[in-house]
Amino acid sequence: MAKPSVAVAEASGVPAQASCSCPCPGTTLFPYPPPRGASGIAAAAVRRKCLQAEVGGGACWGVESMRASSPTHARAAAALAGAGADEEEERAAWMARHPSALGKFERIVAASEGRRIVMFLDYDGTLSPIVDDPDAAFMSETVSRPNQLASALMRMAVRSVAKHFPTAIVSGRCRDKVFGFVKLAELYYAGSHGMDIKGPAKASSSRHEKAKAKGVLFQPATASEFLPMIEAVHERLVETTRSIPGAKVENNRFCVSVHFRCVDEKMWGELWESVKGVLREYPRLRLTQGRMVLEVRPTIKWDKGKALEFLLESLGFAGCTNVLPVYIGDDRTDEDAFRALRRRGQGQGVGILVSKHPKETSASYSLQEPAEVMEFLLRLVEWKRLSRLSRTQ
């Protein structure tokens, strides 16, 4: 296998704590890369400057990239509170392009006429809110404390959806950990950004008789050779980030996640340089980003979009038009799945971004938060129940 260069560059010499900001004015979008949406020659020049910083990969770009992928509630709220007429117009335009999946629910279910809906769900930020402790993002089976009510209701909603539609959770977390969070044996689980897939331990219903993926177990052919490397990087990152308060390193089997949910923003530059410094010794690994997380992944051409396509094929829907995949996610890694749906063609899939703030996306619709995701799932279950009822009358 070829050894492409790691997706981070040598240090640019900018001190980790230096004050730096990527000049992306004129937009309220929180970009995955810096925004394409701003208009004019000046905006194009800004974007080129930002992309040049990305290629350089120094501390300045690292911090700005972390801010872009992980806008804090305070900063996002301040940006929206101070939005002028142009920003409000831009937000309205974004909502016109990515309308609420609840507001357009009837349109979505109408598109499923004569088709089989297959549900794909991200976990963190979609089914579970982003919590301070990544290990505490579980769904409650029972309600013994008030703060468990929302997670117990979400678990009920996911279980109900899985009774009517093949349902998969596609996460950057390791598969076993996500299963431990959810504990629903009737789901498909795709962990490590889809590099570790397993089908249901039991059939949830005879309604899934078309599914061919019962008990399916899949990993990319070359993935296992990265395991010793991932383990070594995990140990190195635990050691190098020990001095950064709040940093948490998680071994997700085929990738390593460095969570900075509880790291002071002033320390983000130091964290970026620590992670990048370790990766310089591992050219077969690459660095990607998500919401409040840096992720070290193998240079394998596999992602959440590939996982979606694999599961559709395993379910017997490869190349079929009688299926409507619906993917709901909040993170930049979910964009791979949204793009996979786009490649299927107009009306052949539904991508829904979970975000309170406008950002660049290939999704068609939006929801603001996990509570709206739960409402969408429950409405889908009720629609299916009423559809069956009407056919029997």
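The exercises below, each with a worked solution, concern a predicted model of one protein chain.

**Exercise 1.** State which stretches have a pLDDT below 50.

Solution. Begin with the whole chain: the average pLDDT is 81, and 75% of the residues score at least 70. Next, look at residues 1-56, where the pLDDT is below 50; this stretch still has 104 contacts in the model beyond near neighbours in sequence. Residues 204-213 also have a pLDDT below 50, with 26 contacts of that kind. Where pLDDT is low, the coordinates should not be read in detail.

**Exercise 2.** Find the strand order of the open sheet and name the strands at the edges.

Solution. The open sheet has 8 strands in the order 5-4-3-2-1-10-11-12, and the pairing is mixed. Strand 5 (217-218) and strand 12 (365-367) each have a single partner strand, so they stand at the edges, with one side of each lacking a neighbour in the sheet. Helix 12 (residues 370-392) packs on the sheet and touches strands 1, 10, 11 and 12. The direction of helix 12 makes about 160° with that of strand 1.

**Exercise 3.** Describe how helix 10 and helix 11 are oriented to each other, and which residues meet.

Solution. The axes of helix 10 (residues 304-314) and helix 11 (residues 335-343) come within 6 Å and cross at roughly 50°. The angle falls outside the parallel, antiparallel and perpendicular ranges, so the two helices are oblique to each other. From helix 10, Lys304, Gly305, Leu308 and Glu309 meet Asp336, Ala337, Ala340, Leu341 and Arg343 of helix 11. Sorted by class, this contact has 4 nonpolar, 1 polar and 4 charged residues.

Methods:
Residues numbered from 1 in each chain as written. Predicted model: local features only at pLDDT ≥ 70, side-chain atom pairs only at ≥ 80, totals over all residues. Heavy atoms only, no water. pLDDT = per-residue confidence, 0-100. Contact = heavy atoms within 4.5 Å. Pairing = 2+ DSSP bridges. Helix = DSSP H or I, 4+ residues; strand = E, 2+ residues; numbered from the N terminus. Axes fitted to C-alpha atoms, helices over the stretch in contact; angles between N-to-C directions. Parallel < 35°, antiparallel > 145°, perpendicular 65-115°, else oblique. Nonpolar A, V, L, I, M, F, W, Y, C, P; charged D, E, K, R; others polar.
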